[in-house]
Amino acid sequence: MKEKAPVSRKKILQVTALLVSIYGIVFIVSLCLGPTRISLLKTLGSFFFSGTPGPAVSDSPETAILFSIRLPRVLFASLVGASLSLAGAAFQTLLRNPLADPYILGISGGSATGAIIAIATGLSALPFGVPALAFLGAVVTIFLVFAIGRTDSNVLLLAGVIVNAFFSAVILFFLSISRSADLHSMAFWLMGDLGLATNRELLLVCLSLAAGFVILYYHARPLNLLATGEETAIHLGVSVEKTKVLLFLAGSLITAVAVSFSGIIGFVGLVIPHMMRLVFGADHRLLFPATALFGAAYLMAADTAARVLVPSTELPVGVITALCGAPYFIWLLRRKGGV
């Protein structure tokens, strides 16, 4: 069987340029909007005419808000959105199922459980304590899901739901024994909280995303072949089992690091990769950058909506992504099932 002709480099560059433009527009709008509105001119002026940005050079409250609070949050939202979307694109191909994503497979829940255990036991004080246990939780989740579901993708999804339910019970247990002062913040974090980003979190998520993207993009051709079937991929020289293990670990790593700092944000890894496949096709040389860029823009927009929809309060971003993603999931489920 012949391998499908890949998309041209020109198309990859054109689509990437388009999505970078969309990302830039959403980025600027997200900086402008919030409980305190900052004008577009002030936002652009702060970036291009104020020298080195930061609180030390702030000459107005708006500039301080922009660089101390809003800019780290918007950058964090974009990194988390890109991470979850990229992992979802990989999982959907590896399982050959458009319903697969880190949230539905239980990987986000396993990562959050590891992070909660680290926080509850004091291991969060150790260097990389939270992301390390989150990654361990993600790996344990993958092991359990495959132990239950074997190789059938539909059974794997059901196994993910079962494992997710178990981890939800573990999380509720730790919430129930937490001090009342911690309960609200932990519950809010579990529904997706992007407001706690520091330079350390930004750096860790950025590094894990960069490493995961390089690994996944390097395997774009094997993934293209896997999408046509494992027998075809083996015939064309792909080491299927080794590739699947490596890419599952790469997807779990970027999911775990993102979730360990942002909490559980559902449906991003389901909706964005599927939309990008519908629009731009299934060639992973184009799909991966498109998914990462649009996922980043999507979560920035969702977080902005969470900050401005209800006056004088802030919604967890997971509420917005669930409101958008759940109807899409139902449509996709009915479409896949032919009902």
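What percentage of the 339 residues of the protein chain count as buried? In this predicted model, the share that counts as buried is 51%.

**The whole chain**

Begin with the entire protein chain in a cartoon representation. The chain contains 14 helices and zero strands, and its pattern along the sequence is accordingly α-α-α-α-α-α-α-α-α-α-α-α-α-α. Next, display the contacts between residues at least 6 apart in sequence: 75% of them join residues at least 24 apart.

**The loop between H1 and H2**

Select Thr36, which is found in the loop between helix H1 (9-32) and helix H2 (40-49). Is Thr36 buried or exposed? Neither word applies in full, because its relative accessible area of 31% makes Thr36 partly exposed. Leaving aside residues up to four places away in sequence, Thr36 touches Ile65 and Arg70. Add Leu66 to the selection and draw the C-alpha to C-alpha distance from Thr36: the two residues are 9.7 Å apart in space and 30 residues apart in sequence.

**Helix H3 and the loop after it**

Proceed to Ser83, a residue of helix H3 (residues 61-95). Ser83 counts as buried because its relative accessibility is 0%. Apart from residues up to four places away in sequence, Ser83 touches Val205, Leu209, Ile254 and Ala258. Keep these four residues displayed, since they return later in the tour.

Move next to Arg96, in the loop between H3 and H4. Most residues other than glycine have a negative phi. Arg96, although not a glycine, has a positive phi of about 50 degrees.

**Helix H4**

Select residues 107-121, which form helix H4. The end C-alpha atoms of H4 are 21 Å apart, and this agrees with the 21 Å that its 15 residues should span at 1.5 Å a residue. Colour H4 by accessibility: 11 of its 15 residues are buried, so the helix is largely enclosed by the rest of the structure. Which residues of H4 are buried? They are Ile107, Ser108, Gly109, Gly110, Ser111, Ala112, Thr113, Gly114, Ala115, Ile116 and Ala118. Just beyond the end of H4, inspect Gly122, where phi is positive at about 85 degrees.

**H4 against H5**

Now add helix H5 (residues 129-149), whose axis comes within 7 Å of that of H4 and crosses at roughly 140 degrees. H4 and H5 are therefore oblique to each other, as roughly antiparallel requires an angle over 145 degrees. The crossing of H4 past H5 is right-handed. To see the contact, show the side chains on both helices. H4 contributes Ile107, Gly110, Ser111, Gly114, Ala115, Ile117, Ala118 and Ile119, while H5 contributes Gly129, Val130, Leu133, Ala134, Gly137, Ala138, Thr141 and Ile142. By class, 10 of these residues are nonpolar, six are polar and none is charged.

**H8 against H11**

Select helix H8 (residues 199-218) together with helix H11 (residues 240-262). Their axes come within 9 Å and cross at roughly 165 degrees; the two helices are therefore roughly antiparallel to each other. H8 passes H11 in a left-handed crossing. On the H8 side the contact is made by Arg200, Glu201, Leu204, Val205, Ser208, Leu209, Gly212, Ile215 and Leu216, and on the H11 side by Leu246, Leu247, Ala250, Ile254, Val257, Ala258 and Phe261. The class counts are 12 nonpolar, two polar and two charged residues. Among the residues of this contact are Val205 and Leu209 of H8 and Ile254 and Ala258 of H11, the four that Ser83 touches beyond four places in sequence.

**Helix H11 and the loop to H12**

Hide H8 and stay with H11. At 1.5 Å a residue, the 23 residues of H11 should span 33 Å, and the 32 Å between its end C-alpha atoms agrees. Of those 23 residues 17 are buried, so H11 is largely enclosed by the rest of the structure.

Which residue follows H11? Gly263 does, with a positive phi near 85 degrees. The last stop is Phe267, in the loop between H11 and helix H12 (268-280). Phe267 is not a glycine, yet its phi is positive, about 75 degrees. With a relative accessible area of 12%, Phe267 is buried.

Technical notes
Residues are numbered from 1 along each chain as its sequence is written. This is a predicted model: local features need pLDDT of at least 70, side-chain atom pairs count only at pLDDT 80 or more; totals for chains, interfaces and linings use all residues. Side-chain values use heavy atoms; hydrogens and water are left out. Axes are lines fitted to C-alpha atoms, for helices over the stretch in contact, and angles run from 0 to 180 degrees between N-to-C directions. Helices (H or I, at least four residues) and strands (E, at least two) are DSSP runs, numbered from the N terminus. Angles under 35 degrees count as roughly parallel, over 145 as roughly antiparallel, 65 to 115 as roughly perpendicular and the rest as oblique. A crossing is left-handed if the near helix is turned anticlockwise from the far one by less than a right angle, and right-handed if clockwise. Contact means heavy atoms within 4.5 Å. Ala, Val, Leu, Ile, Met, Phe, Trp, Tyr, Cys and Pro count as nonpolar, Asp, Glu, Lys and Arg as charged, and the others, Gly among them, as polar. The expected span of a helix is 1.5 Å times one less than its number of residues. Buried means under 20% relative accessible area, exposed over 50%, partly exposed in between (1.4 Å probe, protein chains only).
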